[in-house]
Structures are given as C-alpha cells and as structure tokens.
Amino acid sequence: MASTRASPACGNCRSRRIKCNLLRPRCSQCARAGLSCTDYRSQSDLLFRDQTKSTIQKLHASSTRVTKANKHATCWSLVAVEPTFNIEELAQKVFSDNFAILGDRCKHWMDSGAEHPSSATISLTSVGLAALAVVHKDPDMMNLARRKYNFALRVLTKAIIGHQGSGIEQSVAGSFILSIFEMITCDNHSSSNAWQNHVHGAAAFLGYLCYANGLPVSPVKEIIEICYTTALACLISGKTIPHFLLELPDRFGAASNTSQDDEDPLLSAMRLFAIMGTLVNIRGLANRSPFSPGQPVVLAIKTDQALQNWGTSLPASWTYHKLLKGPQYIYQDVWYARMWNYYRLARILANKIIIDNFNILSPSMLPGDNLKLQHDQSYSTISLLLQEIYTSLPFMFNSEQMPATSLPISSALFFTTTLLQSLLELTDRDSLIQDWSFPACEILGERFTFTKGIVMQNLY
C-alpha cells in the first residue's frame, strides 16, 4: 500500500521520534549519540511500505470514537485523497539513479519531454517501472511497465516507418534502453537473449545518424556503450559487426594503434573497440567463409598482440590495483572497470580462436612449433583473464551510488549479464556459472543475493 506520510529518517531517529537531518553516512543525531546510523528508507520502500496494520488500527480507533460520541449526529462520506507522488516520475528517477548507462542525456529528455515524451523517455519509464515491479514483486506494476514497453515499441516503429530524421538520437537511446527492460524481466531461456534485438535496433538507428552526418565530432560514452554492446550481441549470435560501426574509430580519429600520455580516455576506448571488432568478425567469418586452416590463428595471434600493446600504452588514468584484503580490483571509476573487462573479453576471444583452430593444424605441427607453444599458452591466458573479470565485478556493483531510489538492479547488472553471456560462448559453461559470483558474494555478502538471482536467470 502506498504511503504519503512515511518518514525518510534513519532507524534510530524514527525509534527515538526525533528530527533527522538525513546526513550520510551518519546523521547529526546519531553522531552526537555515538550510534551507527543505518536503516534509511529508500523512496521506493516508502512508496510500497505495507500499512495494512496501521490502517486497521486507525479505522478501529475512529470507530471507537464515533461509538463513544453517539449522542452527536455523525455523517460519514468518502473523501478522495490526491496522491502526493507520480508513479511515472518515480520510475524515471529510479532509472536515472540506477541505470545511468547512457549518461546525462536521459535526464535532459526527462526534463524536456513532459508534454510530448520521446521514445527514450517512454523506454526509460518502462525500465524504471519494471525494476520497481521486480524488486517489490508487484504484478500490477509489471503490467503497467509492459504497457509502457509496448507504447515505446509503437513509437519506435512509427519512427522507422515514417523515416523521421528528427528525434533519431532519442530513437537510438530508446531502442537501447529497451534491451535493459528485456534483461531485468527475463524469466526463461527463450527470452534471455531478447535484449539483442533492441541493441541491433539501436545500432541501426545509429547507422542512420552516421549517414546523415548527425554524429558529434568526438566520441561520447553513449555511443561507445552502444558500440561495445552491439559487438557482444554479434559475438553471441555469430554475426559480424556492421561496417559503419567499425568505421567510427577512424571517424573520431582513434584509428592509430599508439596512444599519447594525454590521450582522451574515450579515444582509447574507441581504439580498443576497433581491435575487438576485428576479432568478432574473424570469428563470425571463420564459421561461414572458406578460411585457410592457419589464417584465423595467425590473425588472432596478431590481434592479441595488438591488444597487449593497447593495454601497456595507456595513460596513467587507466591504472588499477588489487586490494590485499579480499578478491577485488579498484579502478578510478566504474567506466574504466568496464573498459578493462572489454579488453579481457577481447583477449579471451583471440585465444579461443587460436584454440579452436589448433586441432585443424595440429597433425602437421612439430613438438617445438611456435603455434603449439602459443596454443598451450592460450589455455592459461584464458584462465587468468577470467579470474581478473570475476575479481572486477565487486567494484562495479559496490561502486554504484546509493541515492534515495537505489535498487539491487542497476547498470552493473546489465553490463555483467552481457559480458557473461558472451563468455558462455567462449569458455566452459558449467565452470563459469559456478565461479563468476564468488568474489562478489565474498565482498558484498547477502545484499548481492537478489542481484545474482537476476543475472542467473539470464544465463540459463
């Protein structure tokens, strides 16, 4: 039941019935009393707080007062109470706080699209509603989320059929955001890859922007996220990456294989995407084209070396370290953690191509052949890189900000799921499902249980 007067104060101030100034990590009242300041209620907890017991008590008390004052005439009437919150605004706030994967542009669309919401605003509203519904197990909220989702699909379809040039940027974002909806609402294997359709749709809209010269002159994080997620979707489905995406690094001036000490991190990320895209296409073409047996191996070895050169030539801002206590890497921020894990995934893909094609070449190899040595090294490289990815996940989940509407479903969940689904194509399935969550469970404890469950639904 919705609450309109619930207190957002910390647990100590509520129990002591004193005013709380809501400071984090410890309010002034708790600081003066030397108490641990915990049990803040989130916006969604306040909205969905169960008030059944208190409502019954109030009704009983009202009934008792009326009985005692029976000598006075009493007239009862139903009074319509206006709710003090807007559920769609709350859903948009939930999205903004938990799924800021496309940066501040979504906030701009929410602020400017109240009267005529764009496909991006409708899509992110559906994701916020779905997240609330999943966390609070609310079927009515989920029905509302699905209606918003269907509305977003109709708006996107209209944009495609009408060839609308205006608002195409919102269509890119709207289609991409719907992939998050598919992921957090996934409940069976048949829908675990449904997010890919929306990602491919976002890439198609982005292609329209490319040909219409509507792209910015320098790379932005939103475009980079779409490029990488499209690469992962192509890897999982066995497709090749659209040519216009592979041209973007050169278009943004990031085609060079060498970096400068002061290079923009976004340009470094685009250089990495160019290398990863080459590997995804090598694997996709190897399954369909008449490659000579040794050609994919030679290309994979060369590309893996390019990846290692990329990793060793980065500016100091990319540096990370491992905590002595607990299996966890610490990065400058979550974005760098994502990029490093894309790098590790690309290297795993390169070494997987080497291993897969080794059996074709092995009969003609001598014991000391360099390719055989490379093959043996590839197994150990993949094992090491997998552990590095798993060790990076606690930082990504733990570094999410904790605003009033924070939920155990976030952009870290979306990234982790796409990454793990890609790794399922390249590594042993049973081992990955068993091992990926160990570091996160050890660092985050019980609060990771719900998030882990959502990820696992997308891995079967």
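**Exercise 1. Find how far the sulfur of Cys 30 is from the closest cysteine sulfur, and explain why no bond is counted.**

Step 1. The closest cysteine sulfur belongs to Cys 27, 3.6 Å away.
Step 2. A disulfide is a pair of cysteine sulfur atoms within 2.5 Å. The sulfur in Cys 27 is therefore too far for a bond.
Step 3. The structure holds 0 disulfides.
Step 4. Cys 30 is buried, at 0% relative accessibility. Buried means under 20% relative accessible area, exposed over 50%, partly exposed in between (1.4 Å probe, protein chains only).

This is a predicted model: local features need pLDDT of at least 70, side-chain atom pairs need 80 or more, and totals for chains, interfaces and linings use all residues. Residues are numbered from 1 along each chain as its sequence is written, and side-chain values use heavy atoms, without hydrogens and water.

**Exercise 2. Describe the surroundings of Thr 185.**

Step 1. Locate Thr 185: the loop between helix 9 (168–184) and helix 10 (195–211). Helices are DSSP runs (H or I, at least four residues), numbered from the N terminus.
Step 2. Check burial. Thr 185 has a relative accessible area of 11%, so Thr 185 is buried.
Step 3. List contacts (heavy atoms within 4.5 Å). Beyond neighbours within four places in sequence, Thr 185 touches Ala 130, Met 142 and Arg 146.

**Exercise 3. Which residues of helix 15 are buried, and which exposed residues lie on the face turned away?**

Step 1. The buried residues include Pro 296, Val 297, Leu 307 and Trp 310.
Step 2. Down the axis, the buried residues fall within an arc of 135° (directions from the axis to the C-beta atoms). So they line one face of helix 15.
Step 3. The face turned away carries exposed Val 298, Lys 302 and Thr 312.

Technical notes
Helix = DSSP H or I, 4+ residues; strand = E, 2+ residues; numbered from the N terminus.
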